[in-house]
Amino acid sequence: DQARVLAGLANSVSGKDGGYHDLTYRIVSPVNGQLRYLHSIGQVAWEQGVAVSMTGIIRDVTQETVNRQALEKSEERFRSLIEEAPVATGLLVGPEHRIEIANQLMVNIMGKGSTVLGKPVAIALPELVGQSYLALLDQLYATGEEHSARNSPAELEVDGVLDTYYFDFTYKSLRNAAGDVYAILSMAVDVTPQVIAQQQLNQLATAQQNAIELAQLGTFSVDLTTNLLTVSPRTADWFGFDSLSADPEAFISCIEEGEQDYVRTSLYNTLQPESGGRYDVTHSVINIKTGQKIIIKAFGQLYRDATGQSVRIDGTAQDITVQRELQRVLEQQVQQRTQELAASNEEQAMLNEELIANNEEYAAINEELEEANSLLIRSNDNLQTFAYVASHDLQEPLRKIQQFGDLLKTRFTDSVQREEFAYIERMQLAASRMSSLIKDLLGFSRISTQRNSDEPVDLNQVINQVLSVLDLRIVETAAEVQVDLLPTVMGDAAQLGQLFQNIISNAIKFQRAGTTPYIQIVSQLIAIDQLPGSIKPARRSSFYCQLEVTDNGIGFDEKYLDRIFQVFQRLHGKGEFAGTGVGLAICEKVVANHGGVITARSQPGQGATFIVYLPA
């Protein structure tokens with residue numbers, strides 16, 4: 001350091017920097033050879049323009065320098081760890097959550113490039129304002145806690161496009177030497193493709209289950225590795241079993257004794273390579289509880305693993321007892337007519353001409369009966385196919401009606417054809433109501449058949465997502481929605497979203513003329529002994545979350561309270577308010593699925609309050 005120190009002193013003596021110097025340099029102790037750091041501050045004094053003295057202080061700053069260097073190395077290692085982390089990682093510093101450090105994976109997730117560095121999260125990612133993440137960061141910075149979540153949705157603007165993404169993320173509060181929180185370490189993994197794929201699988205499974213229910217089919221699955229047969233509730237009901245799984249022999253024992261070997265042989269043949277893995281058997285079933293006998297037709301398919309080993313047989317079954325009875329009656333009629341024909345032939349043996357005519361007549365009758373029998377079988381097959389596709393294809397002709405109606409309306413616009421124009425509008429309105437009814441019925445069916453996922457659900461996130469979906473209607477009606485801080489409950493986020501979307505959309509729709517919709521959502525935790533006497537939840541819990549959604553709409557007479565939660569029950573005509581009468585029935589089904597209760601209080605013209613009790 002000698003040259004630097006001598007140059008600094010020379011500058012001071014020459015009058016540069018006002019004769020002032022401030023230098024830090026190293027010395028080696030002549031006693032023990034130890035390296036030390038000194039800090040020198042001095043000032044030159046002049047007399048008649050000539051430097052005559054230099055006065056100053058020298059301080060030993062060895063420990064301060066060593067500590068600072070150690071801190072700089074520590075910070076450099078910490079920054080390196082973040083930048084090289086295998087997952088998206090960032091450091092959010094201070095109460096404004098300034099993005100101090102972020103590796104490339106985190107920068108990619110934020111979708112704005114390196115411009116986000118050094119900015120508070122709310123400024124770097126303005127689309128997060130109104131979502132739960134900023135409030136969560138504030139909470140963790142204040143409490144010093146950490147938070148983890150899986151498959152958490154977030155609305156992010158990436159490369160200029162706003163879309164929904166899903167993340168597994170962890171927020172961990174970091175403390176300084178004094179024990180105060182100074183930053184939050186954020187780590188995230190983008191699981192959007194996996195979540196979307198799972199949602200698509202769930203939708204496909206729901207559609208398949210709806211088709212099975214619509215066609216009144218039962219299902220079965222034979223696990224060949226464990227020799228366990230699993231069936232749907234409908235199939236178990238046919239056999240009279242309380243359990244949905246058992247050894248295959250327990251089910252074969254319910255088949256008529258004379259058909260049991262036939263079923264065993266059919267199952268064995270399905271496992272053989274030459275069978276193509278198809279199982280197609282019709283056999284009887286005797287209910288072990290009631291003794292009732294039915295006929296079922298079962299279709300199955302064998303599945304193998306990557307090594308070619310047979311692992312399971314999946315299939316469907318249909319109760320064809322009625323069809324078989326009709327077929328038996330027809331066959332009896334054919335046999336009876338044939339016998340009558342034979343008797344008539346004997347009696348009329350001497351009357352050849354009449355005999356020939358009778359033969360032709362009975363032959364025609366026989367042919368008609370056989371054709372009728374064939375048509376009946378074909379009709380049953382067609383009905384099964386129709387039941388499978390009806391829920392998917394009913395919407396298509398309705399869309400065609402509306403599209404062609406639009407084309408016709410462009411041709412009937414003059415005053416001479418005003419009546420035809422009105423007919424077309426009424427036709428399109430009816431088609432639209434039918435489409436809405438089908439969608440609502442399918443929605444009600446899904447809620448009725450879906451199982452609760454029973455996982456922690458942040459109701460603040462649910463409400464934010466619902467308000468995002470209803471944003472256009474809220475803007476159009478200038479509605480004001482006030483939401484208190486809501487709790488986290490166990491349940492299904494998708495179903496709870498449908499619950500609040502139906503309640504809030506009804507509050508906006510049933511508004512009084514000349515008023516602006518105002519909706520308030522509050523919650524509180526109450527003990528079981530605080531529940532009103534009329535409230536009987538399906539699931540017992542020590543505490544319940546009471547959620548109230550209050551509006552200033554038209555209200556209703558409470559004598560109709562039981563009626564409003566039933567399917568197709570409407571208190572107003574179609575000309576007053578649109579709807580199918582299914583929305584509140586869906587709400588009641590969702591709350592029941594979660595072990596809770598929904599009720600309401602209201603007076604005509606005084607608004608309404610819908611109260612939901614959910615196990616805490």
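**Entry 1: cavities**

I looked up the largest cavity first, and its volume comes to about 290 Å³. The model I am reading is a predicted one. I counted two cavities of 30 Å³ or more in the structure. The largest cavity has 17 lining residues, and I noted Met106, Leu125, Leu128, Tyr171 and Ser186 as those nearest its centre. Two or more lining residues come from each of these elements: strand 4 (88-93), helix 3 (104-110), helix 5 (132-143), strand 6 (146-158), strand 7 (161-175) and strand 8 (181-190). I sorted the lining by class and got 15 nonpolar residues, two polar and no charged.

I then turned to the second largest cavity, with a volume of about 250 Å³. Its lining is made of 17 residues, and nearest the centre I found Phe220, Leu229, Phe239, Tyr279 and His283. Several elements give two or more residues to this lining, including strand 9 (218-223), strand 10 (228-231), helix 7 (233-239) and strand 12 (278-286). Helix 8 supplies the largest share of the lining of the second largest cavity, three residues. By class, this lining holds 15 nonpolar residues, two polar and no charged.

**Entry 2: Ser221**

I picked one residue of strand 9, Ser221. Leaving out residues up to four places away in sequence, Ser221 touches Leu228, Leu229, Thr230, Arg312, Ile313 and Asp314. I also checked Ser221 against Leu302: they are 81 residues apart in sequence, and their C-alpha atoms are 9.8 Å apart in space.

**Entry 3: nonpolar cores**

Which residues have the most contacts inside the largest nonpolar core? I found Leu499, Phe500 and Phe610, in a core of 39 residues. Among the elements that give two or more residues to this core are helix 14 (459-469), helix 16 (493-509), strand 19 (543-551), helix 18 (583-593) and strand 21 (608-615). Helix 16 gives the most, seven residues.

I followed Leu499 further. Not counting its neighbours within four places in sequence, Leu499 is in contact with Cys587, Val590, Val591, Ile598 and Val612. Apart from this core lies another, of 29 residues, and Val107, Val116, Leu128 and Ala188 are among them. Leu128 I had already met near the centre of the largest cavity. As background, nonpolar side chains tend to be buried together in soluble globular proteins.

**Entry 4: helix 18 and two cysteines**

I listed the buried residues of helix 18: Leu584, Ala585, Ile586, Cys587, Val590 and Val591. Just after this helix, Gly595 has a positive phi of about 75°.

Why does Cys587 count as buried? Its relative accessibility is 0%, and the cut-off for buried is under 20%. Cys254 is buried too, because its relative accessible area is 4%, which also falls under 20%.

I then asked how many disulfides the structure holds. The count is zero. For reference, a disulfide is a covalent bond between the sulfur atoms of two cysteines.

**Entry 5: the whole chain**

I ended with totals. The chain has 18 helices and 21 strands. Of its 616 residues, 36% count as buried. Among contacts with a separation of 6 or more, 53% are between residues 24 or more positions apart.

Terms used: Residues numbered from 1 in each chain as written. Predicted model: local features only at pLDDT ≥ 70, side-chain atom pairs only at ≥ 80, totals over all residues. Heavy atoms only, no water. Core = buried A, V, L, I, M, F, W, Y, C linked by side-chain atoms within 4.5 Å. Buried < 20%, exposed > 50% of the residue type's maximum accessible area, 1.4 Å probe, protein only. Helix = DSSP H or I, 4+ residues; strand = E, 2+ residues; numbered from the N terminus. Contact = heavy atoms within 4.5 Å. 1 Å grid on protein atoms, 1.4 Å probe; cavity = no way out; pocket = protein on both sides within 12 Å on 5 of 7 lines; lining within 4 Å. Points joined across faces, edges and corners; volume = space filled by probe spheres on them. Nonpolar A, V, L, I, M, F, W, Y, C, P; charged D, E, K, R; others polar. Disulfide = S-S within 2.5 Å.
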